[in-house]
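Let's go through some labels people put on a structure and ask what earns them. Here is the one we'll be picking at.

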Amino acid sequence: MEDQLVNAKTKIYAILGDPISHSMSPVIMNASFCRFHLDCVFLAMKCGKENADCVMKALRCIDLAGYVFTMPMKEVVRGYLDELKDEALLTGAVNCVQNKDGYLTGYNTDSMGFWTAVREKCEPERIIRKVFVMGMGGFAKAVVTQAALQGVSEIVVANRLWETEFVKGFEDFLKRLTKRCPQINIKLLDWDAESWEPELSDTDVVVNATSNGLNGKGDLKEHFPYKAAAKEAIFFDAIYSPLKTEYLLEAEKQGHRIVNGLDLLAHQGTCSFKIWTGITVSPDIMRRDALEFMERSQKEK
């Protein structure tokens, strides 16, 4: 691929969040911009919730072409946008924005990215009937939303129920979701592994939608009751730094299929790229670009 020369007409895209230095979004997006000879560049910008107001106003003023949000920004930014699409409207969480002539439209590509990444690891005929989700943040809402829209009949969500900010936000989200999908059966559990065990025996997909395990920090591997999980359960983690968390490594050791954060990144990345450019990119290509970059980075250390 030939390098693009950044110039005064180059369209600028960015990912915003904190932490941000581990993000692979600039790698996969810039590789695809270059592959299709698009005069665009993708940057990573550190931004936390405390700076959201000034940053969102500045982004509109400087006319960035589009952006992606990661933790902790996904649920903070919706009030700064002109329109929310489908899953973003249901979840209240935005991870992709398109700027078209100053009109900002928010999407939630995590939602479909999660589902297509999981389906990629399933037999085509397999029906997903039950999903177990750990966490109640923006990504958890994306998972629950897409599972409900895809016809999953039962969803169990575990979180520390004393975290009232998360729980209240999640309950408000469920009110919106059940209006759209009244047939869905959703159960909330506390962060207590013993209470999870009866729910795991018939669960098809187990999802870590928390930051537990990011950069190798966390205790989910020690906390999770793997022996209670159904043999055919697929284990999913949204984290890709490290590529396989301890939680996923243990699940794989126990014989389960796993879906990692890089799989999610590739699938939701193709969604965002299509929104911005109209071009369809294979998730395999984005995944390969990320892996090649990781391998080069390891050799250079």
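Q: Before we start, what kind of model is this?
A: It's a predicted model.

Q: What makes E11, H9 and E12 a β-α-β unit, and which hand does the unit have?
A: Strand E11, helix H9 (residues 246–253) and strand E12 make up the unit, and it is right-handed. The label for the hand comes from the path: with the strands pointing away from you, going from the first strand over the helix to the second runs clockwise, so the crossover is called right-handed.

Q: How do you know that E11 and E12 count as paired?
A: Count the bridges. E11 and E12 (residues 257–259) share three, in the parallel sense. Pairing takes at least two bridges, so these strands qualify. To find the spot in the viewer, look for Phe235, which stands opposite Ile258 in E12.

Q: And what makes E10 a partner of E11?
A: Bridges again: E10 (residues 205–208) and E11 have four of them, also in the parallel sense. With a threshold of at least two, E10 and E11 are therefore a pair. Here Val205 is the residue opposite Ile234 in E11.

Q: Why are both faces of strand E11 called covered?
A: Look at where the side chains go. In a regular strand they alternate between the two faces of the sheet. In E11 (residues 234–237), Ile234 and Phe236 are on one side, with Phe235 and Asp237 on the other. All four are buried, which means each has under 20% relative accessible area, so neither face is left uncovered.

Q: Why is Asp101 called exposed?
A: Its relative accessible area is 81%, and the cut-off for exposed is over 50%, so the label fits. Asp101 lies in the loop between strand E5 (96–100) and strand E6 (103–107). It also has a positive phi of about 55 degrees, although it is not a glycine.

Q: Why does Asn215 get only "partly exposed"?
A: Asn215 comes in at 42% relative accessible area, which falls between the 20% and 50% limits, so it is partly exposed. Its phi is positive too, near 55 degrees, and Asn215 isn't a glycine either. You'll find Asn215 in the loop between E10 and helix H8 (220–223).

Q: What makes the bond from Asp18 to Pro19 stand out, and where is Pro19?
A: That peptide bond is cis, with omega near 5 degrees. Pro19 is in the loop between strand E1 (11–17) and helix H1 (25–35).

Notes
Residues numbered from 1 in each chain as written. Predicted model: local features only at pLDDT ≥ 70, side-chain atom pairs only at ≥ 80, totals over all residues. Heavy atoms only, no water. Buried < 20%, exposed > 50% of the residue type's maximum accessible area, 1.4 Å probe, protein only.
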